[in-house]
Structures are given as C-alpha cells and as structure tokens.
Amino acid sequence: MATQAQEKKSVIIKFAGDSGDGMQLTGGLFTDDTAFTGSDLSTFPDFPAEIRAPIGTLAGVSGFQLHFGSQRIFTPGDRFDVLVAMNAAALKSNLKMVKKGGTVILSEDGFDSKNLRLAKYEETQNPLEDDTLEGYEVLKIQVTKMTRESIGESPLGTKERDRCKNMFVLGFLLWRYSRSLDTTLKFLNAKFKSKPDILDANIKALQAGYNLADTMELASDRYTVAPAELEKGSYRSINGNDAIVLGLIVASKKLGIPLFYGSYPITPASSILHGLSKHKNFGVRTFQAEDEIAAVASAIGASYGGNLGVTGTSGPGLALKGEAMGLAVMLEMPLVVIDVQRGGPSTGLPTKTEQSDLLQAMYGRNGECPLPIVSCSRPSDCFEAAMEACRIAVQHMTPVLLLSDGYIANGAEPWRYPKASDMPEMKVEFAKQNGEANQFMPYQRDEKLARPWAIPGTPGLLHRIGGIEKEDVTGNISYDAANHEHMVKTRERKVELIANYIPEQKIESGHESGDVLLLGWGSTYGVCESVTHILTEMGHKVGHAHLRYLRPFPANLEAMMRGFKTVVIPEINNGQLVKIIRDKFLLPAVPFNKIQGTPIAHEELFEFILNLVDKG
Amino acid sequence: MAIESNPSGIPYTLKAKDFATDQDVRWCPGCGDYSILKQVQTTLADLGKLPHETVFVSGIGCSSRFPYYMETYGMHSIHGRAPAFASGLKIANPNLSVWVITGDGDALSIGGNHFMHLLRRNFDLNFLLFNNQIYGLTKGQYSPTSEEHKKTPSTPFGSIDHPVNPIALALGCDATFVARTMDRDPKHMKDMLQQADAHRGTSFIELYQNCNIFNDGAFEVFTEKDSKPDTTLILEQGKPLVFGKEGEKGVRLDGFTPQVVDLNTGGFTKDDLWVHDNTDHVKAGILARFFDNPSANPDALPRPFGVFYRTERPSYEAQLHEQLDAIKGSMGEGDLDKLIAGSSTWQIG
C-alpha cells in the first residue's frame with residue numbers, strides 16, 4: 001500500500017461483458033460507491049434487446065458506462081479512460097472507443113479460441129498476442145480462474161461460482177480508485193441475507209479482486225478523484241424512470257386524488273410500472289392491461305371516475321394509443337401519457353435511445369388533435385416534468401404527453417432531492433351541483449377554456465360524453481358545421497393558452513444573445529451543457545436553452561431565438577423539433593442529428609458548433 | 001314492482017321515463033334496440049337505482065349510442081374498447097353501477113381481446129351484448145356472428161367466415177354469469193337484467209336483437225309465435241328442460257350427448273329429463289353448443305334462453321382495493337419524504 005494515489009479530475013469507465021456477466025450490476029454498484037465519495041457523475045447503461053443472446057457473441061455484449069469527476073459532469077462521456085472487457089466480444093465492440101493510452105482491463109479466460117471465434121476475430125488472430133492493444137495500458141487478469149480459487153470450499157457449483165466474476169472485477173476497481181469495500185459489502189449482505197453460500201462466495205471474490213490489485217505490480221497505479229463542488233444538500237442517485245415514479249406519486253398526493261397507472265409492459269418504460277406497483281401504500285392503483293389500447297383506455301376510465309389517470313409506453317405503444325388519446329382530447333379529460341422513446345420505426349431498436357417520437361406526439365392522431373407535450377431533459381428532471389404533466393392535465397382538462405427516452409430512463413445521476421413540502425401545491429376541484437339538478441353544462445368553460453371535471457357518483461350532474469363532435473357548452477351531439485370549426489379552434493386555443501400558465505424559457509448556460517443558440521429538448525441536455533460551457537470559456541457567444549414545454553412553447557421563446565444569429569437544434573433523430581420551429585417561427589434553424597441509437601457525443605457537437613462560430 | 005326507497009333509505013319514486021334523456025332516439029324505426037332501451041329503463045326504475053350512481057359505457061356501433069338515451073352518467077367511447085374504459089372506472093370507483101353496452105362487431109371483432117380479459121378478471125358490472133349478426137352502422141357487412149354463406153355488400157358471393165358462438169366464448173373465458181335473452185320477449189329480458197344486476201361480477205347477457213334494415217328476421221325462427229315453441233328452450237333453474245307448444249318435448253342427456261325426446265310418444269317422462277342447474281359448468285358448456293340453425297337443420301336442438309351459468313368469484317376491483325388496504329395496513333400510509341429519499345443517500349456540505 002505504499003503506492004501514492006494519483007489525482008484525476010475525471011474518469012470514464014466502461015464495463016463490458018456478456019449479458020450474463022453481471023456488468024449492469026457491477027457498474028451500478030461502482031456508481032453507488034462513487035456517488036458516496038461526492039463525485040458528480042453520469043451513467044449510460046447499454047444492453048442488447050435479447051435477454052440472453054448466445055454467450056460470447058458480439059450480439060450479447062452488455063455495457064455500462066460511468067463518467068465521474070471532481071468537476072460538473074454533464075454526460076456519460078465519449079471515449080473511455082478505462083475499458084473492462086470480460087471477453088473477446090466485449091473488447092472487439094468497445095476498443096475503438098478507448099482513448100489512446102487508456103487502460104484496458106481484460107479477463108484472460110474470455111479469450112480462448114471459442115471466445116475469439118464467437119467474437120469474429122480472424123482464424124489466427126488473438127488480440128492479446130498481436131499488436132491490437134499497442135498503445136494501451138493492458139492489464140490481463142485470469143478472472144475466472146482466480147474467482148474460482150478465491151471461493152475455495154463451497155457447496156456452490158461451477159456455474160454459480162463463475163457468477164461471482166463480476167464481484168472480483170468490482171473489487172479490483174474499488175482498490176484502483178482508492179475506495180473501501182464497505183458500501184458493496186453492505187449491499188451484498190442485504191441482497192443475499194437468506195443465501196449464505198452465495199453471500200460468502202461473492203464476498204470472497206470481491207476481496208480477492210481487491211487484494212489482487214493491491215499486490216499486483218502491474219496495477220500499482222492507484223487513483224483518487226476529489227469530491228465535486230456540488231450544491232450543499234441531501235443527495236441520492238436516481239434514474240429517469242424512478243424519478244417519474246416519484247413525480248407521479250407526489251403529484252397525486254399534492255392533488256389529493258389517487259393515482260391510477262394502466263400500462264402494458266414495453267422496453268424501456270416497464271420499470272415505471274414495476275416502480276409504481278411497489279408503492280401501493282401511497283394508494284397507487286396499478287393495472288397491467290391486456291394491451292396498449294386497454295392501458296390508455298383504462299386510464300381514461302379512471303380519470304373519468306376521478307383518479308389521476310396515467311399510462312406509460314414507448315413509441316410502438318404510443319402508436320396504438322393514438323385513437324384513445326384522440327377520445328381524451330374530445331372528452332377534454334385529464335390523462336398523462338408517458339412515452340419513453342426508443343429507436344424506431346416499428347420494433348426498431350428497443351433498448352437503444354432515440355428522440356424520434358416528437359412528430360408522432362405532436363401530430364400522430366386523426367383529425368385536429370392538439371395536446372400539450374412536456375419533456376424530460378435528464379434523469380432527475382423527470383421528477384418535476386412528471387409533476388408538471390399531471391398539473392397541466394388536471395388544471396387544463398386535457399391529455400398531456402410526457403416524453404422521456406431510453407437514455408434518460410436508464411441513466412443515473414446524483415440528485416439533490418427536495419422535501420415533498422418544498423414542491424408547489426397543486427389544486428383540483430371536481431364539479432358540484434350549482435343550480436338546477438341535471439341542467440349541468442359539461443362543456444361550459446373557465447378562463448383557461450377548461451371544462452368542469454364532473455365525476456359519476458356526483459348528484460345533480462348527470463351528463464353524457466363521447467367521441468362524437470359535441471355542441472359547445474351543452475356537450476350534446478352536434479354535426480353542425482360552424483360548431484365543429486368552433487370546437488376545433490377552441491380545443492387548439494385551450495392548449496395554446498397553457499403558455500400563460502408555464503414559466504418563461506430560460507437560458508441554461510452561456511449567453512442570453514449572441515452567435516449560436518443551442519436549442520435542445522430531452523436527453524441532449526448534458527451534451528448541450530458541456531459544449532456550451534467549453535465554448536463560452538473559450539470566449540464564444542454561445543447560449544444553451546433547453547425546452548421542457550414543447551407544446552405550447554414558452555411565450556418568450558421566439559424573442560430568445562431571434563437574439564442569436566444561428567439557432568442549432570441537436571436531436572437524436574432525423575430532425576423533428578427543427579421542423580416544428582421552422583414551421584412555427586419561419587426561422588432558419590439548423591439541425592444537428594445523430595441517429596445511431598446512442599447519445600450525441602460531446603466531441604462531435606463541439607466541433608460542429610465551433611465550426612459555426614469560427615465561420616462567424 | 002317499484003320499490004319506494006333505495007338501499008340507503010332515500011325515498012325513491014323514479015319511473016322508467018325518468019331514466020330517459022331529452023335527446024331524440026335515432027335508431028331506425030322498428031329496431032330491436034328500442035325494446036332493450038325500454039326494458040333497461042324499466043329495470044333500473046324497478047330496482048331503485050340512483051341515476052347519479054349509474055354509468056353506461058359503450059363502444060361504437062348502433063347499440064353504442066345507448067348512453068345518450070339514458071338519464072344517468074354515460075360515456076360513448078371508441079370501437080371495441082368499452083370494457084377497458086369500464087375497468088378503469090370501476091377501479092376508480094367500485095360503488096358505481098356500471099353497464100357496458102356493446103354489439104357483436106364491437107365486442108367480438110374489434111374488441112375481442114378486451115372481451116376475454118374483462119370476463120376473466122370479473123369486474124363487477126353488467127355487459128349487454130346486442131347481437132344482430134350484422135354490421136348496421138357501416139351498412140350491412142357480415143359480422144363475426146353472421147351465419148356462413150351470408151351474402152352482404154362485402155361478401156357478394158357468400159361469407160366463408162365461421163361464426164363465433166358468444167355463449168361458448170364467454171364460458172371459455174370463465175365468465176361468472178352467462179345468459180341469453182331476446183328483444184321480442186320483454187318479460188324474459190327484464191328477468192335476465194334483474195338477475196344480472198344482482199350478480200356480483202361481470203354479468204354477460206347476449207341479447208338477440210333484430211336489425212330490421214340489414215338483417216331483418218335473423219332470429220325470427222326463435223321469436224315468432226308459430227315457430228318459437230319448437231325452437232327455443234327457456235332455461236329455469238331446477239326445472240327439467242321442456243319445450244314445444246304443449247310442453248310435449250324435452251331434452252335428456254345420454255352420457256354427455258343431449259337428446260330431444262317426445263314426452264307423449266317416446267316412452268320418457270319429465271323425470272327422465274335433464275334438470276337445469278346453472279351452477280354446473282360442464283352442462284353449461286353442452287347447452288352453449290345448442291347452436292345449430294333450426295332454419296337450416298330441422299333436427300337442430302332448441303336454442304336455450306336464460307341463465308346458462310353462474311358462479312361466485314371475487315371481482316377484480318374488490319381484490320385490488322383489498323390488497324391496497326392490506327398493504328396500507330401492514331406498511332402504514334406512505335411517507336413522501338422517505339419515498340423521495342429512497343434507501344441510500346449522502347450529504348454534501
């Protein structure tokens with residue numbers, strides 16, 4: 001232990017292995033430990049759609065990327081300082097993303113002839129023996145062999161012993177970054193409380209990895225990362241879907257109405273259903289419906305009965321929900337539809353991220369069918385965004401779309417969490433009889449153009465609603481031509497008026513006016529921030545604004561955009577917000593697009609913007 | 001029989017007409033839906049239902065206009081999905097008396113999936129399937145219950161679709177109350193509606209309903225005075241299966257095979273007949289298969305009307321709320337601050 005630890009400002013580690021190697025758990029535990037040290041961090045889990053693709057293949061590689069540091073961390077990072085590769089396939093698919101001179105930690109047992117063949121290396125090629133790894137710091141460890149040996153006497157079979165390989169690797173890395181084993185031991189003790197043999201094996205493997213790093217001359221380098229200067233307060237780690245769960249529950253409690261969540265399992269939205277179903281002591285009603293349509297329909301039915309009706313899905317499911325969302329627009333009924341976007345079209349890339357449902361959200365229903373759209377910009381932001389979606393739905397009597405994506409849903413970051421009492425109060429009132437019994441006018445509107453929420457069971461308010469066009473005020477069926485136009489315009493106006501009830505758009509960072517405005521929405525938040533920070537430090541007149549409200553836009557957005565020479569809209573799609581901005585404001589916004597199922601890298605956006613400002 | 005107060009003791013004097021709205025009823029003159037509307041309004045009045053605690057939820061189709069004519073709460077939803085809207089509504093408020101109104105296309109074609117799941121979950125509501133064996137609102141195409149070879153605008157050379165048997169399907173979905181009635185027998189319909197309402201769980205009633213525009217006379221053989229006695233079998237609990245103008249015919253079981261016998265000449269007495277037991281799922285399944293068309297096959301078994309099957313099973317919403325209460329009991333009312341903080345936190349500064 002004589003080694004003097006070297007201080008690092010930030011580190012990017014990628015854990016990569018077979019789907020069955022437990023890389024998500026390893027990454028998650030290392031992240032938890034990192035958070036406790038006070039680093040800022042951002043993660044990016046990246047896994048295949050298949051639950052267990054054939055072992056050892058390129059298709060089966062599962063990865064977990066962690067970026068942590070003593071400075072503000074906005075993204076999971078582009079290129080890795082350290083790659084942990086549990087087999088040949090993991091090395092092959094990740095090596096190109098390792099920084100020159102970076103460290104590659106290899107599990108040697110994962111490079112036998114079978115693994116090399118499955119990773120599609122040439123017949124005679126072995127990356128451990130040729131020049132593939134030249135220019136990197138390479139640490140070869142016999143992880144499987146040493147894990148088995150470390151466990152020693154145990155009733156566990158070989159397969160179960162080998163499952164502890166990830167703990168061996170975790171132990172190794174914890175030593176390397178000057179950590180103790182305390183947090184991980186606490187976790188293991190809780191997780192395997194009732195399985196003493198498995199607990200014992202995992203602890204032994206963890207300690208063996210830790211001790212190996214301590215004694216292994218090769219790995220004598222040890223690093224520390226100082227705590228980041230984060231705002232004072234209580235922190236926890238949170239991913240996007242968990243934050244949505246919390247936001248929905250808090251909204252329901254603030255509103256004083258029970259939360260109903262109807263959903264059909266779909267990647268990457270399912271964990272919202274899992275999360276909510278754990279919290280029934282908050283009165284949460286979860287309903288795993290028979291399909292996407294029943295999920296949204298049940299949520300509308302629950303809203304009709306006075307609950308906060310919410311449904312969640314991903315792109316293909318949103319397509320199926322379209323007709324029912326149209327009904328909610330006609331019924332003018334509160335409803336929150338969460339779309340955790342993924343690569344499309346059709347089944348597309350279920351486990352990869354994309355922002356390609358914006359146009360579907362905006363226009364993807366029959367008829368003139370406007371509804372408000374709220375979006376989440378990062379994991380912790382999902383909490384407030386979900387609350388906002390609920391607030392708008394009940395106060396404006398409208399279905400609301402909440403857009404998240406796979407990157408936000410699965411990625412985690414430290415969150416300075418609030419107290420429930422710090423969150424704004426939200427009010428909702430059901431209609432009561434006010435006048436003669438059953439002369440109720442279901443489409444009489446208030447100043448927001450919202451109609452009353454009259455729930456069955458209330459005496460004196462008998463009325464019928466439905467999807468056929470209705471006469472304003474009375475709600476009776478009407479095929480009258482002028483009434484239809486009036487109602488179409490009224491529903492549109494109702495949504496537009498929400499602009500008066502949302503905050504003005506702010507500049508997140510950089511300049512309030514100048515050369516380039518980075519106008520983002522959703523999960524490009526981190527990369528827009530990091531690029532803006534650097535360019536402003538370099539003296540460029542760049543600003544970053546990030547839209548939470550996509551429909552309606554904040555009232556000051558146009559003025560803000562016109563304060564910059566160029567508006568650049570980075571999106572993980574083929575250019576969707578940019579179309580809407582051009583259409584609405586006749587403004588020549590510039591698209592920056594990436595459609596590879598992965599977040600936009602800092603480097604690529606930085607160069608693009610730098611080019612623009614250099615050209616002036 | 002009108003009752004004078006509802007179960008909570010509120011004086012109650014509503015008549016059938018009090019359940020009618022001021023909207024013009026827009027079904028074609030002569031449509032079987034009128035009879036059903038009248039019987040439902042009468043039944044609700046007779047049962048002392050409170051209009052504000054009653055909700056009609058429908059899908060799309062002629063029958064699904066029903067809620068607009070009921071002076072209660074109502075939702076005319078989208079095609080085939082009424083069961084899903086009703087499910088969410090019952091979870092939100094289990095105390096409501098919910099009536100799902102649907103047709104053969106709405107429930108069995110576009111909404112077939114929801115039909116199955118509603119029945120197996122057993123939400124406590126009444127499900128009225130208006131079966132006219134045709135698509136009315138889209139002008140006369142064949143439906144999933146239409147007979148084979150039917151010529152319609154979409155099948156000018158005859159349909160090759162094999163029809164679904166709604167009663168057998170409902171039994172297959174483990175429905176807890178399965179009955180059939182017809183628009184032309186108001187007394188029987190009212191009896192079925194009352195029994196359905198008394199049942200806790202999803203009460204499924206198939207109503208034969210004449211579409212006099214696109215499929216007139218589809219059920220004539222069962223509804224007309226001349227043929228009805230020989231083609232229909234009225235199921236009565238604990239009574240032998242007897243039919244015919246003079247009650248001269250009966251059904252007995254030879255093993256699992258139903259057999260029509262002549263009580264005058266066949267050497268059998270009423271004591272030999274199958275006695276209806278609507279708690280017997282196996283026998284209900286056999287009755288459901290009394291499905292041949294007597295117009296096409298003179299040896300067809302008579303078509304049963306009445307309650308095929310009933311059983312008790314806790315409703316979905318009752319179990320959901322029991323679970324919520326039990327969890328609140330064991331874990332205590334949730335604490336928002338603890339929820340937000342989660343299990344693992346750290347301090348900075």
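Two strands are taken as paired if DSSP finds at least two bridges between them; helices (H or I, at least four residues) and strands (E, at least two) are DSSP runs, numbered from the N terminus. The model is predicted: local features need pLDDT of at least 70, side-chain atom pairs count only at pLDDT 80 or more, and totals for chains, interfaces and linings use all residues. Residues are numbered from 1 along each chain as its sequence is written, while chains are lettered from A and ligands numbered from 1 in the order in which they are written.

**Sheet of chain A**

In chain A, an open sheet of 5 strands follows the order β18-β20-β19-β22-β23, with mixed pairing. β18 (507–510) and β23 (590–593) of chain A are the edge strands, each with a single partner, so one side of each lacks a neighbour in the sheet. From one strand to the next the twist averages 25 degrees. Strand β22(A) (residues 564–571) runs parallel to β23(A), joined by 4 bridges, and A:Val568 is opposite A:Val590 of β23(A).

Two helices pack on this sheet. Contact requires C-beta atoms, placed from the backbone, within 7 Å; axes are lines fitted to C-alpha atoms, for helices over the stretch in contact, and angles run from 0 to 180 degrees between N-to-C directions.

| Helix | Strands touched | Angle |
|---|---|---|
| α17(A), residues 525–537 | β18(A), β19(A), β20(A), β22(A) | about 165 degrees with β20(A) |
| α19(A), residues 577–585 | β19(A), β22(A), β23(A) | about 145 degrees with β22(A) |

**Interface of chains A and B**

Contacts link 59 residues of chain A with 51 residues of chain B. α11(A) gives the largest share of chain A's side, 9 residues. Across the chains, β17(A) pairs in the parallel sense with β2(B) (residues 73–76) over 3 bridges, where B:Met75 of β2(B) is the bridge partner of A:Ile465.
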